[in-house]
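User: I'm new to reading protein structures. Could you walk me through this one, feature by feature?

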Amino acid sequence: MLEPDRFDYSPIFDRPAIKWPNNARVALWVSPNMEHYEYLPPKADWRNQWPRTPHPDVSGYAHKDYGNRVAFWRMLEVMDAHKIRCTVSLNEAVLEHFPDITKAMVKRDYDYMSHGIYNTRFLNKLTLDEERAFYKDCIDTLKKHTGKQLKGMLTPAISPTEATPDLMAEAGLIYHADWFHDDQPFPLKVKSGRLISMPYAIDINDGTYNRFGCTPEYWYQSLKNQFDIVYEEGAESGRTICLSLHPYIIAAPSRIKYLDAILDYILSHAGVWNTTGDEIAQYYMDNYHDMMVKHLKSKKSPVAERAA
(Lines give C-alpha, C1' and ligand atoms only; values in the text may rest on other atoms or scores of the structure.)
Protein backbone atom coordinates (compact mmCIF):
# COMPACT_ATOMS: atom_id res chain seq x y z
CA MET A 1 0.00 0.00 0.00
CA LEU A 2 1.30 3.44 -0.93
CA GLU A 3 0.48 5.86 1.88
CA PRO A 4 -1.84 7.61 2.44
CA ASP A 5 -3.86 5.05 0.40
CA ARG A 6 -6.34 7.72 -0.63
CA PHE A 7 -5.46 7.50 -4.35
CA ASP A 8 -3.57 5.28 -6.74
CA TYR A 9 -0.41 6.37 -8.46
CA SER A 10 -1.14 7.16 -12.09
CA PRO A 11 1.34 8.94 -14.39
CA ILE A 12 -0.54 11.64 -16.23
CA PHE A 13 0.55 10.39 -19.67
CA ASP A 14 -1.07 7.01 -19.04
CA ARG A 15 -4.72 7.92 -18.42
CA PRO A 16 -7.89 8.15 -20.50
CA ALA A 17 -7.84 11.54 -22.25
CA ILE A 18 -10.11 14.19 -20.77
CA LYS A 19 -12.17 16.28 -23.18
CA TRP A 20 -13.70 19.38 -21.64
CA PRO A 21 -16.87 20.94 -23.11
CA ASN A 22 -16.36 22.41 -26.61
CA ASN A 23 -12.98 20.64 -26.77
CA ALA A 24 -11.44 23.19 -24.45
CA ARG A 25 -7.82 22.57 -23.54
CA VAL A 26 -7.90 24.20 -20.14
CA ALA A 27 -10.64 24.58 -17.53
CA LEU A 28 -10.12 27.91 -15.75
CA TRP A 29 -11.57 28.43 -12.28
CA VAL A 30 -10.97 31.49 -10.18
CA SER A 31 -11.08 31.03 -6.43
CA PRO A 32 -10.80 34.12 -4.21
CA ASN A 33 -10.46 33.25 -0.54
CA MET A 34 -13.09 35.23 1.33
CA GLU A 35 -11.83 34.74 4.84
CA HIS A 36 -12.51 35.92 8.35
CA TYR A 37 -9.94 35.57 11.10
CA GLU A 38 -11.13 36.05 14.66
CA TYR A 39 -9.41 38.87 16.56
CA LEU A 40 -9.20 36.69 19.69
CA PRO A 41 -9.79 33.10 18.56
CA PRO A 42 -10.30 30.23 21.01
CA LYS A 43 -6.90 28.94 22.04
CA ALA A 44 -5.64 25.94 20.05
CA ASP A 45 -2.65 24.49 21.89
CA TRP A 46 -1.39 22.55 18.86
CA ARG A 47 -1.43 25.44 16.33
CA ASN A 48 -1.21 29.14 16.92
CA GLN A 49 -3.65 31.12 14.77
CA TRP A 50 -1.61 34.31 15.17
CA PRO A 51 1.99 33.11 15.62
CA ARG A 52 3.68 36.50 15.11
CA THR A 53 2.80 37.94 18.52
CA PRO A 54 0.82 37.14 21.66
CA HIS A 55 -2.86 37.65 20.85
CA PRO A 56 -4.20 39.96 19.58
CA ASP A 57 -2.08 40.47 16.48
CA VAL A 58 -3.53 43.78 15.34
CA SER A 59 -1.30 43.98 12.26
CA GLY A 60 -2.24 40.51 11.03
CA TYR A 61 -5.93 41.03 11.71
CA ALA A 62 -6.00 44.44 10.02
CA HIS A 63 -4.22 43.19 6.91
CA LYS A 64 -6.88 40.54 6.36
CA ASP A 65 -9.73 42.85 7.32
CA TYR A 66 -8.66 45.16 4.51
CA GLY A 67 -9.75 42.42 2.11
CA ASN A 68 -13.36 42.51 3.29
CA ARG A 69 -13.60 46.28 3.77
CA VAL A 70 -11.94 47.48 0.55
CA ALA A 71 -10.13 45.00 -1.68
CA PHE A 72 -13.08 42.65 -2.29
CA TRP A 73 -15.00 45.49 -3.93
CA ARG A 74 -12.07 46.41 -6.14
CA MET A 75 -11.65 42.77 -7.14
CA LEU A 76 -15.31 42.55 -8.16
CA GLU A 77 -14.81 45.20 -10.84
CA VAL A 78 -12.11 43.08 -12.47
CA MET A 79 -14.13 39.87 -12.20
CA ASP A 80 -17.17 41.53 -13.70
CA ALA A 81 -15.15 43.01 -16.54
CA HIS A 82 -13.90 39.54 -17.50
CA LYS A 83 -17.25 37.80 -16.86
CA ILE A 84 -15.70 35.57 -14.21
CA ARG A 85 -18.12 33.60 -12.06
CA CYS A 86 -15.95 32.88 -9.04
CA THR A 87 -15.70 29.75 -6.93
CA VAL A 88 -15.36 31.47 -3.58
CA SER A 89 -13.20 29.68 -1.04
CA LEU A 90 -15.42 30.81 1.78
CA ASN A 91 -15.07 31.11 5.52
CA GLU A 92 -18.79 30.91 6.03
CA ALA A 93 -18.80 33.34 8.95
CA VAL A 94 -18.40 35.97 6.21
CA LEU A 95 -22.02 35.30 5.22
CA GLU A 96 -23.25 36.45 8.62
CA HIS A 97 -20.69 39.10 9.54
CA PHE A 98 -20.63 40.89 6.17
CA PRO A 99 -24.12 40.85 4.61
CA ASP A 100 -23.11 43.37 1.92
CA ILE A 101 -20.49 40.92 0.66
CA THR A 102 -23.02 38.08 0.76
CA LYS A 103 -25.47 40.13 -1.29
CA ALA A 104 -22.81 40.96 -3.90
CA MET A 105 -21.75 37.32 -4.27
CA VAL A 106 -25.32 36.02 -4.49
CA LYS A 107 -26.17 38.67 -7.09
CA ARG A 108 -23.36 37.32 -9.28
CA ASP A 109 -24.41 33.68 -8.85
CA TYR A 110 -21.00 32.67 -7.58
CA ASP A 111 -20.28 29.09 -6.56
CA TYR A 112 -18.80 28.31 -3.15
CA MET A 113 -16.15 25.93 -1.94
CA SER A 114 -16.41 25.99 1.83
CA HIS A 115 -13.24 26.99 3.66
CA GLY A 116 -14.81 26.23 7.04
CA ILE A 117 -16.52 28.74 9.30
CA TYR A 118 -13.50 30.77 10.50
CA ASN A 119 -9.93 30.48 9.28
CA THR A 120 -8.92 30.43 12.94
CA ARG A 121 -10.78 27.21 13.84
CA PHE A 122 -9.08 24.06 12.64
CA LEU A 123 -10.27 20.50 12.08
CA ASN A 124 -7.13 18.64 13.19
CA LYS A 125 -8.30 17.64 16.65
CA LEU A 126 -12.02 17.15 16.02
CA THR A 127 -13.66 13.84 16.91
CA LEU A 128 -15.57 12.03 14.19
CA ASP A 129 -18.90 13.30 15.50
CA GLU A 130 -17.58 16.85 15.82
CA GLU A 131 -16.33 16.77 12.25
CA ARG A 132 -19.65 15.37 11.02
CA ALA A 133 -21.43 18.25 12.76
CA PHE A 134 -18.98 20.68 11.14
CA TYR A 135 -19.96 19.56 7.62
CA LYS A 136 -23.64 19.79 8.47
CA ASP A 137 -23.11 23.33 9.75
CA CYS A 138 -21.24 24.31 6.57
CA ILE A 139 -23.89 22.79 4.29
CA ASP A 140 -26.81 24.33 6.20
CA THR A 141 -25.20 27.78 6.55
CA LEU A 142 -24.37 28.02 2.86
CA LYS A 143 -27.87 26.92 1.84
CA LYS A 144 -29.47 29.40 4.24
CA HIS A 145 -27.59 32.43 2.95
CA THR A 146 -27.04 31.64 -0.75
CA GLY A 147 -29.49 28.89 -1.70
CA LYS A 148 -26.55 26.85 -3.01
CA GLN A 149 -25.81 23.21 -2.31
CA LEU A 150 -22.28 22.74 -1.03
CA LYS A 151 -20.21 20.50 -3.32
CA GLY A 152 -16.61 21.02 -2.27
CA MET A 153 -14.27 22.12 0.45
CA LEU A 154 -10.81 23.46 1.15
CA THR A 155 -10.48 22.78 4.87
CA PRO A 156 -9.94 25.85 7.09
CA ALA A 157 -6.26 26.80 7.01
CA ILE A 158 -5.79 23.36 5.41
CA SER A 159 -6.26 21.33 8.57
CA PRO A 160 -7.79 17.96 7.57
CA THR A 161 -8.00 14.90 9.78
CA GLU A 162 -7.26 11.38 8.62
CA ALA A 163 -11.02 10.79 8.28
CA THR A 164 -11.78 13.98 6.34
CA PRO A 165 -12.24 12.46 2.84
CA ASP A 166 -14.59 9.76 4.20
CA LEU A 167 -16.66 12.28 6.12
CA MET A 168 -16.84 14.71 3.20
CA ALA A 169 -18.19 11.96 0.93
CA GLU A 170 -20.58 10.83 3.66
CA ALA A 171 -21.91 14.41 3.87
CA GLY A 172 -22.56 14.46 0.11
CA LEU A 173 -19.62 16.61 -1.03
CA ILE A 174 -18.00 15.63 -4.33
CA TYR A 175 -14.64 17.39 -4.23
CA HIS A 176 -11.80 18.02 -1.82
CA ALA A 177 -9.32 20.79 -2.65
CA ASP A 178 -6.61 20.13 -0.04
CA TRP A 179 -4.63 17.93 -2.42
CA PHE A 180 -2.42 19.91 -4.82
CA HIS A 181 -0.83 16.89 -6.47
CA ASP A 182 -2.20 16.94 -10.02
CA ASP A 183 -3.25 19.02 -13.01
CA GLN A 184 -6.51 17.09 -13.40
CA PRO A 185 -9.26 16.02 -11.01
CA PHE A 186 -8.61 12.54 -9.64
CA PRO A 187 -10.67 9.92 -7.73
CA LEU A 188 -10.05 9.68 -3.99
CA LYS A 189 -10.64 6.45 -2.10
CA VAL A 190 -13.44 6.81 0.45
CA LYS A 191 -15.45 4.36 2.55
CA SER A 192 -18.72 5.18 0.84
CA GLY A 193 -19.87 7.38 -2.03
CA ARG A 194 -17.55 9.15 -4.47
CA LEU A 195 -15.08 12.00 -3.99
CA ILE A 196 -12.41 13.58 -6.15
CA SER A 197 -9.42 15.80 -5.54
CA MET A 198 -9.71 19.16 -7.31
CA PRO A 199 -6.46 20.86 -8.38
CA TYR A 200 -6.59 24.01 -6.29
CA ALA A 201 -3.27 25.85 -6.56
CA ILE A 202 -0.89 26.49 -3.70
CA ASP A 203 2.31 27.01 -5.71
CA ILE A 204 0.90 29.90 -7.78
CA ASN A 205 -1.29 31.19 -4.96
CA ASP A 206 -0.91 34.94 -4.41
CA GLY A 207 -0.53 34.20 -0.69
CA THR A 208 2.51 32.02 -1.32
CA TYR A 209 4.16 34.73 -3.43
CA ASN A 210 3.36 37.39 -0.87
CA ARG A 211 4.78 35.26 1.96
CA PHE A 212 8.12 35.02 0.18
CA GLY A 213 8.23 38.69 -0.78
CA CYS A 214 7.81 38.17 -4.52
CA THR A 215 6.74 41.12 -6.64
CA PRO A 216 3.34 41.15 -8.38
CA GLU A 217 5.21 41.31 -11.69
CA TYR A 218 6.84 37.99 -10.82
CA TRP A 219 3.45 36.52 -9.82
CA TYR A 220 1.98 37.59 -13.15
CA GLN A 221 4.85 36.09 -15.15
CA SER A 222 4.62 32.82 -13.17
CA LEU A 223 0.90 32.54 -13.87
CA LYS A 224 1.53 33.23 -17.53
CA ASN A 225 4.22 30.55 -17.66
CA GLN A 226 1.94 28.09 -15.85
CA PHE A 227 -0.91 28.72 -18.26
CA ASP A 228 1.28 28.41 -21.37
CA ILE A 229 2.38 24.90 -20.40
CA VAL A 230 -0.99 23.51 -19.33
CA TYR A 231 -2.52 25.04 -22.46
CA GLU A 232 0.02 23.23 -24.61
CA GLU A 233 -0.45 19.95 -22.73
CA GLY A 234 -4.23 20.36 -22.80
CA ALA A 235 -4.25 19.73 -26.55
CA GLU A 236 -3.77 16.04 -25.70
CA SER A 237 -5.84 15.76 -22.54
CA GLY A 238 -7.71 18.51 -20.70
CA ARG A 239 -5.99 20.34 -17.86
CA THR A 240 -7.13 22.74 -15.17
CA ILE A 241 -5.72 25.99 -13.90
CA CYS A 242 -6.91 27.60 -10.68
CA LEU A 243 -6.30 31.25 -9.89
CA SER A 244 -6.25 31.03 -6.10
CA LEU A 245 -6.40 34.52 -4.66
CA HIS A 246 -6.77 36.61 -1.53
CA PRO A 247 -8.41 40.00 -2.12
CA TYR A 248 -6.33 41.63 0.63
CA ILE A 249 -3.24 40.73 -1.41
CA ILE A 250 -4.02 40.75 -5.14
CA ALA A 251 -6.66 43.49 -5.01
CA ALA A 252 -4.45 46.04 -3.25
CA PRO A 253 -4.11 49.18 -5.38
CA SER A 254 -0.52 48.32 -6.27
CA ARG A 255 -1.39 44.79 -7.50
CA ILE A 256 -4.87 44.84 -9.01
CA LYS A 257 -3.65 45.58 -12.53
CA TYR A 258 -1.80 42.25 -12.55
CA LEU A 259 -5.00 40.33 -11.85
CA ASP A 260 -6.65 42.18 -14.71
CA ALA A 261 -3.68 41.43 -16.97
CA ILE A 262 -3.48 37.70 -16.28
CA LEU A 263 -7.21 37.22 -16.85
CA ASP A 264 -6.92 39.22 -20.05
CA TYR A 265 -4.05 37.01 -21.19
CA ILE A 266 -5.66 33.66 -20.36
CA LEU A 267 -9.06 34.55 -21.78
CA SER A 268 -7.51 35.81 -25.03
CA HIS A 269 -6.86 32.16 -25.94
CA ALA A 270 -9.36 29.94 -27.74
CA GLY A 271 -10.07 26.68 -25.96
CA VAL A 272 -10.35 28.02 -22.42
CA TRP A 273 -13.38 26.87 -20.46
CA ASN A 274 -14.20 29.79 -18.15
CA THR A 275 -16.03 27.91 -15.43
CA THR A 276 -16.24 27.12 -11.71
CA GLY A 277 -14.85 24.44 -9.45
CA ASP A 278 -18.34 23.04 -8.93
CA GLU A 279 -18.89 22.68 -12.67
CA ILE A 280 -15.51 21.05 -13.29
CA ALA A 281 -16.10 18.58 -10.47
CA GLN A 282 -19.59 17.70 -11.64
CA TYR A 283 -18.43 17.29 -15.25
CA TYR A 284 -15.64 14.99 -14.14
CA MET A 285 -17.99 12.99 -11.95
CA ASP A 286 -20.50 12.60 -14.79
CA ASN A 287 -17.99 11.72 -17.49
CA TYR A 288 -14.65 10.49 -16.11
CA HIS A 289 -14.73 9.32 -12.49
CA ASP A 290 -15.98 5.79 -13.14
CA MET A 291 -13.88 5.48 -16.30
CA MET A 292 -10.77 6.44 -14.33
CA VAL A 293 -11.53 4.02 -11.50
CA LYS A 294 -11.93 1.22 -14.03
CA HIS A 295 -8.68 2.25 -15.71
CA LEU A 296 -6.83 2.19 -12.39
CA LYS A 297 -8.10 -1.29 -11.58
CA SER A 298 -6.93 -2.53 -14.96
CA LYS A 299 -3.44 -1.16 -14.27
CA LYS A 300 -2.90 -2.80 -10.90
CA SER A 301 -0.09 -5.31 -11.05
CA PRO A 302 -0.36 -8.66 -9.22
CA VAL A 303 2.31 -7.35 -6.81
CA ALA A 304 0.33 -4.19 -6.13
CA GLU A 305 -2.85 -6.22 -5.61
CA ARG A 306 -1.10 -8.45 -3.08
CA ALA A 307 0.31 -5.43 -1.27
CA ALA A 308 -3.05 -3.62 -1.16
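Analyst: Let's start with a word you'll need right away: buried means under 20% relative accessible area, exposed means over 50%, and partly exposed is in between (1.4 Å probe, protein chains only). Helices (H or I, at least four residues) and strands (E, at least two) are DSSP runs, numbered from the N terminus. This is a predicted model, where local features need pLDDT of at least 70 and side-chain atom pairs count only at pLDDT 80 or more, while totals for chains, interfaces and linings use all residues. Residues are numbered from 1 along each chain as its sequence is written, and side-chain values use heavy atoms, with hydrogens and water left out.

User: Okay, which residues of α9 are buried?

Analyst: In α9 the buried ones are Ile256, Tyr258, Leu259, Ile262, Leu263, Tyr265 and Ile266. Their cover includes β1 (26-34), α1 (58-81), α7 (216-233), β8 (239-245), α8 (247-250) and β9 (272-275). Contact here means heavy atoms within 4.5 Å.

User: What span should helix α9 have?

Analyst: The expected span of a helix is 1.5 Å times one less than its number of residues. Helix α9 (residues 256-267) has 12 residues, so 16 Å is expected, and its end C-alpha atoms are 17 Å apart, which agrees.

User: And how do I read a nonpolar core?

Analyst: In soluble globular proteins, nonpolar side chains tend to be buried together. A nonpolar core is a set of buried Ala, Val, Leu, Ile, Met, Phe, Trp, Tyr and Cys residues joined through side-chain atoms within 4.5 Å. The largest one here has 87 residues, and those touching the most other members are Met79, Leu90, Met105, Trp219, Leu243, Leu259 and Ile262. Helix α9 gives the largest share of this core, 7 residues.

User: What is Met105 in contact with, leaving aside its neighbours within four places in sequence?

Analyst: Met105 is in contact with Met34, Phe72, Val88, Leu90, Leu95, Tyr110 and Tyr112, with those neighbours left aside.

User: Now salt bridges. How many does the structure hold?

Analyst: Side chains of opposite charge can pair when their charged atoms come close. We call it a salt bridge when a side-chain nitrogen of Lys or Arg is within 4 Å of a carboxyl oxygen of Asp or Glu. The structure holds 19 of them. One joins the side chains of Arg85 and Asp111 (3.4 Å, N to O). Arg85 sits in the loop between α1 and β2 (87-90) and Asp111 in strand β3 (residues 111-114), so the pair ties together parts that are 26 residues apart in sequence. Arg85 counts as partly exposed at 22% relative accessibility, whereas Asp111 counts as buried at 5%.

User: Where do Asp129 and Arg132 lie?

Analyst: Both are in helix α4 (residues 128-146), 3 residues apart, about one turn of the helix. An α-helix has 3.6 residues a turn, so residues three or four places apart point the same way. The side chains of Asp129 and Arg132 meet in a salt bridge (3.3 Å, N to O). Asp129 is exposed, with a relative accessible area of 57%, and Arg132 is partly exposed, with 35%.

User: Which parts does the pair of Asp290 and Arg194 tie together?

Analyst: The side chains of Asp290 and Arg194 meet in a salt bridge too (2.9 Å, N to O). Asp290 belongs to helix α11 (residues 289-299) and Arg194 to the loop between β6 (186-188) and β7 (195-197), so they link parts 96 residues apart in sequence. There's also a network: salt bridges that share partners join Arg85, Asp109, Asp111, Lys148 and Glu279.

User: Finally, what about backbone oddities?

Analyst: Most residues other than glycine have a negative phi, and most peptide bonds are trans. Here the peptide bond from His55 to Pro56 is cis, with omega near 0°. Pro56 is found in the loop between β1 and α1, and leaving aside neighbours within four places in sequence, Pro56 is in contact with Tyr39 and Leu40. Asn22 isn't a glycine, yet has a positive phi of about 60°; Asn22 is found in the segment before β1 and is exposed, with a relative accessible area of 79%. Ala157, also not a glycine, has a positive phi of about 55°. Ala157 lies in the loop between β4 (152-153) and α5 (164-170) and is buried, with a relative accessible area of 19%.
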